[in-house]
Amino acid sequence: MKHHSKNFTFMKEFEIFHDIEELDNESKYLIHKAKEAASHAYAPYSKFHVGAAVILDDGTLVTGSNQENASYPLCICAERVVLYTAATQYPEKKIMKMAVVAHRKNHKELSPATCCGACRQVMSEFEVRQNKSFEVIMLKSKNEWLKCVSAESLLPYVFKRNNLHE
Ligand SMILES: [Zn+2]
């Protein structure tokens with residue numbers, strides 16, 4: 001039954017936690033830091049404040065938040081801000097794990113938010129350039145924390161540079 005075994009492999013890439021306390025300490029720490037970063041979001045248009053935090057292979061923490069603009073297409077997501085910051089400040093270090101959280105303005109409670117497709121594409125290329133996958137944690141729906149083994153698991157059959165140059 002090839003079909004079933006393939007499906008099983010797919011599901012192993014994701015874990016759901018119904019309580020944040022079920023997550024490992026490093027993940028909880030990253031979520032906490034992503035929440036702090038969300039307070040630095042510039043989101044006067046969407047009022048949707050997003051924070052992202054990554055931990056690097058030596059324990060260094062880097063955070064980012066979404067940054068909007070009156071020219072809407074120029075808005076950039078927290079995930080890309082944190083990745084580009086990490087790549088610039090710590091080019092030799094590898095990203096081990098990322099957490100992303102969001103909340104609406106003046107809402108203390110987190111809003112479920114998963115990474116957009118554009119960020120998944122960028123996150124996936126970071127795995128290629130550092131030759132290592134990294135875990136991604138986000139709030140999928142109320143009381144459902146999703147932990148993915150890799151960014152690529154969020155974007156199956158992703159377009160990569162070997163599509164450009166064989
Ligand atoms: Zn995005």
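This is a friendly dialogue on how to read some features of a predicted model.

Reader: Where do I start? How many helices and strands does the protein chain have?

Author: Start with the secondary structure, and keep in mind that the model is predicted. The protein chain comes to 5 helices and 6 strands. Following the sequence from start to end, you meet them in the pattern α-β-α-β-β-α-β-α-β-β-α.

Reader: How compact is the protein chain for its 166 residues?

Author: The idea is to compare the radius of gyration with what a rule gives for a globule. Here the radius of gyration is 16 Å and the globule rule gives 15 Å for 166 residues, so the chain is as compact as a globular protein of that length. Along the principal axes, the C-alpha atoms fill a box of roughly 50 × 40 × 35 Å.

Reader: And what share of the residues counts as buried?

Author: In this chain, 41% of the 166 residues do. You can also ask how far apart in sequence the contacting residues are. Taking contacts between residues at least 6 apart in sequence, 64% join residues that are at least 24 apart.

Reader: Which residues of the largest nonpolar core touch the most other members?

Author: A core is read as a network, so look for its best-connected members. This one has 28 residues, and those touching the most other members are Val54, Leu83, Ile95, Met98, Met123, Phe134 and Val136. Two or more residues come from each of these elements: strands E2 (48-56), E4 (95-104), E5 (135-141) and E6 (144-148), together with helices H3 (78-89) and H4 (117-129).

Reader: Could we follow one of them? What is Met123 in contact with, beyond its neighbours within four places in sequence?

Author: Good choice. Met123 is in contact with Glu79, Leu83, Met98, Cys115, Phe134, Val136, Ala151 and Leu154. There is also a second, separate core of 13 residues, and Ile31, Ala99, Leu110 and Trp145 are among them.

Reader: Let me try a single residue. Is Leu139 buried or exposed?

Author: Check its relative accessible area against the cut-off. For Leu139 the value is 8%, and buried means under 20%, so this residue is buried. Leu139 sits in strand E5. Apart from residues up to four places away in sequence, Leu139 touches Val100, Leu110, Ser111, Pro112, Ala113, Glu144 and Trp145.

Reader: How far is Leu139 from Lys97 in space?

Author: Their C-alpha atoms are 15 Å apart, and the two residues are 42 apart in sequence.

Reader: What about pockets? How much space lies in the second largest one?

Author: To read a pocket, take its volume and then its lining. The second largest pocket holds about 200 Å³ of space. Among its 15 lining residues, Phe48, Val50, Asn66, Cys77 and Glu79 are the closest to its centre. By class, the lining has 10 nonpolar, 3 polar and 2 charged residues. At least two of the lining residues come from E2, and at least two from H3.

Reader: Where does Phe48 lie, and what does Phe48 contact?

Author: Phe48 belongs to strand E2. Leaving aside neighbours within four places in sequence, Phe48 is in contact with Ala43, Asn66, Ala102, His103, Arg104, Ser111, Pro112 and Ala113. For a pair set apart in space, take Phe48 and Thr88: they are 40 residues apart along the chain, and 26 Å separates their C-alpha atoms.

Reader: Now the loops. Which loop holds Asn143?

Author: A backbone angle is one thing to check in a loop. Asn143, in the loop between E5 and E6, has a positive phi of about 60° although it is not a glycine. Its relative accessible area is 46%, so Asn143 is partly exposed. Tyr157 also has a positive phi of about 60° without being a glycine, and its place is the loop between E6 and helix H5 (161-164). With 78% relative accessibility, Tyr157 counts as exposed.

Reader: And what does Lys105 touch, not counting residues up to four places away in sequence?

Author: Lys105 touches Lys47 and His49. Lys105 is found in the loop between E4 and H4 and counts as partly exposed at 43% relative accessibility.

Reader: One last residue, then. Where is Asn69 found?

Author: Asn69 is in the loop between strand E3 (61-65) and H3. Not counting residues up to four places away in sequence, Asn69 touches Tyr45, Leu74 and Cys75. From Asn69 to Pro44 the C-alpha distance is 8.5 Å, with their places 25 residues apart in sequence.

How values were computed. Residues are numbered from 1 along each chain as its sequence is written. This is a predicted model: local features need pLDDT of at least 70, side-chain atom pairs count only at pLDDT 80 or more; totals for chains, interfaces and linings use all residues. Side-chain values use heavy atoms; hydrogens and water are left out. A nonpolar core is a set of buried Ala, Val, Leu, Ile, Met, Phe, Trp, Tyr and Cys residues joined through side-chain atoms within 4.5 Å. Buried means under 20% relative accessible area, exposed over 50%, partly exposed in between (1.4 Å probe, protein chains only). Helices (H or I, at least four residues) and strands (E, at least two) are DSSP runs, numbered from the N terminus. Contact means heavy atoms within 4.5 Å. On a 1 Å grid over the protein atoms alone, a cavity is a set of points where a 1.4 Å probe fits but cannot get out, and a pocket is an open set with protein on both sides within 12 Å along at least five of seven lines; lining residues have an atom within 4 Å of a point. Grid points are joined across faces, edges and corners, and a volume is the space filled by probe spheres set on the points. Ala, Val, Leu, Ile, Met, Phe, Trp, Tyr, Cys and Pro count as nonpolar, Asp, Glu, Lys and Arg as charged, and the others, Gly among them, as polar. The radius of gyration is taken over C-alpha atoms; the globule rule is 2.2 Å times the number of residues to the power 0.38.
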